[in-house]
Amino acid sequence: MTAIQPQPRFTIFVHLTALPSWLALERPERQQIIAEHVQPLLDKHDTVQVRWFDAEAWASAASDVLVATTNDLTSWSDLFEGLRDSPLWSVPYFRVELVLPTIEDGFADYERRTGQRD
């Protein structure tokens, strides 16, 4: 009998730059856009955990980093497509600089699956 292997956990780092169109909005307007357009997507794709980090005070390459964690890449892809259709990208309010998908402990998962542990 073979043991069921756990699904790999993916973490996707999305580097974003807030554009002047976003920065010109009053904070209540920003909150309204998130509530109307982003939160429903997050609720719909609840197998993807999303965190948002501000970076502009420490970096110039990106102002924000979205960090998504999931073991369901289809749900991640669907969420990302929804975000592309939302005002965040379609107005646009943000520019996507980099999408960096990673596998948490990928080397350990590889070693476990291939028996390459010492």
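At 9% relative accessibility, S75 counts as buried, because the cut-off for buried is under 20% relative accessible area. Keep in mind that this is a predicted model, so every value here is computed from it.

So where does S75 sit? S75 is part of helix α3. Its side chain makes a polar contact of 3.1 Å with the side chain of T47. If you skip the neighbours within four places in sequence, S75 touches H45, T47 and V48.

**Helix α3 as a whole**

Let's zoom out to the helix around S75. Helix α3 covers residues 73-85, which makes 13 residues. At 1.5 Å a residue, you'd expect a span of 18 Å, and the end C-alpha atoms are indeed 18 Å apart, so the two agree. Right at the start of α3, D72 gets involved: one of its side-chain oxygens comes to within 3.2 Å of the backbone nitrogen of T74.

Which residues of α3 are buried? They are S75, W76, L79, F80, G82 and L83. Looking down the axis of α3, you'd find these buried residues within an arc of 160°, so they line one face of the helix. Over on the other side of α3, T74 and D85 are exposed. As for what covers the buried residues, the list includes the strands β1 (10-18), β2 (49-54), β3 (64-70) and β4 (94-103), along with the helices α2 (27-44) and α4 (87-90).

**A buried residue in β1**

One of the elements covering α3's buried residues is β1, and L16 is found in that strand. L16 is buried, with a relative accessible area of 0%. The C-alpha atoms of L16 and V96 are separated by 4.7 Å, though the two residues are 80 residues apart along the chain. Leaving out neighbours within four places in sequence, L16 is in contact with ten residues you can look up: W52, A62, S63, D64, L66, W89, F94, R95, V96 and E97.

Here are the two buried residues side by side:

| Residue | Element | Relative accessible area |
|---|---|---|
| S75 | α3 | 9% |
| L16 | β1 | 0% |

**The largest pocket**

Now for some open space. The largest pocket has a volume of about 440 Å³. It is lined by 19 residues, and those nearest its centre are W22, W52, D54, D64 and F94. Two or more lining residues come from each of α1 (20-23), α2, β2 and β3. Which element gives the largest share of the lining? That's α2, with six residues.

Methods
Residues numbered from 1 in each chain as written. Predicted model: local features only at pLDDT ≥ 70, side-chain atom pairs only at ≥ 80, totals over all residues. Heavy atoms only, no water. Helix = DSSP H or I, 4+ residues; strand = E, 2+ residues; numbered from the N terminus. Expected span 1.5 Å × (residues − 1). Buried < 20%, exposed > 50% of the residue type's maximum accessible area, 1.4 Å probe, protein only. Arc of directions from axis to C-beta. Contact = heavy atoms within 4.5 Å. Polar contact = N/O pair within 3.5 Å; in protein donor to acceptor, adjacent residues only side chain to side chain. 1 Å grid on protein atoms, 1.4 Å probe; cavity = no way out; pocket = protein on both sides within 12 Å on 5 of 7 lines; lining within 4 Å. Points joined across faces, edges and corners; volume = space filled by probe spheres on them.
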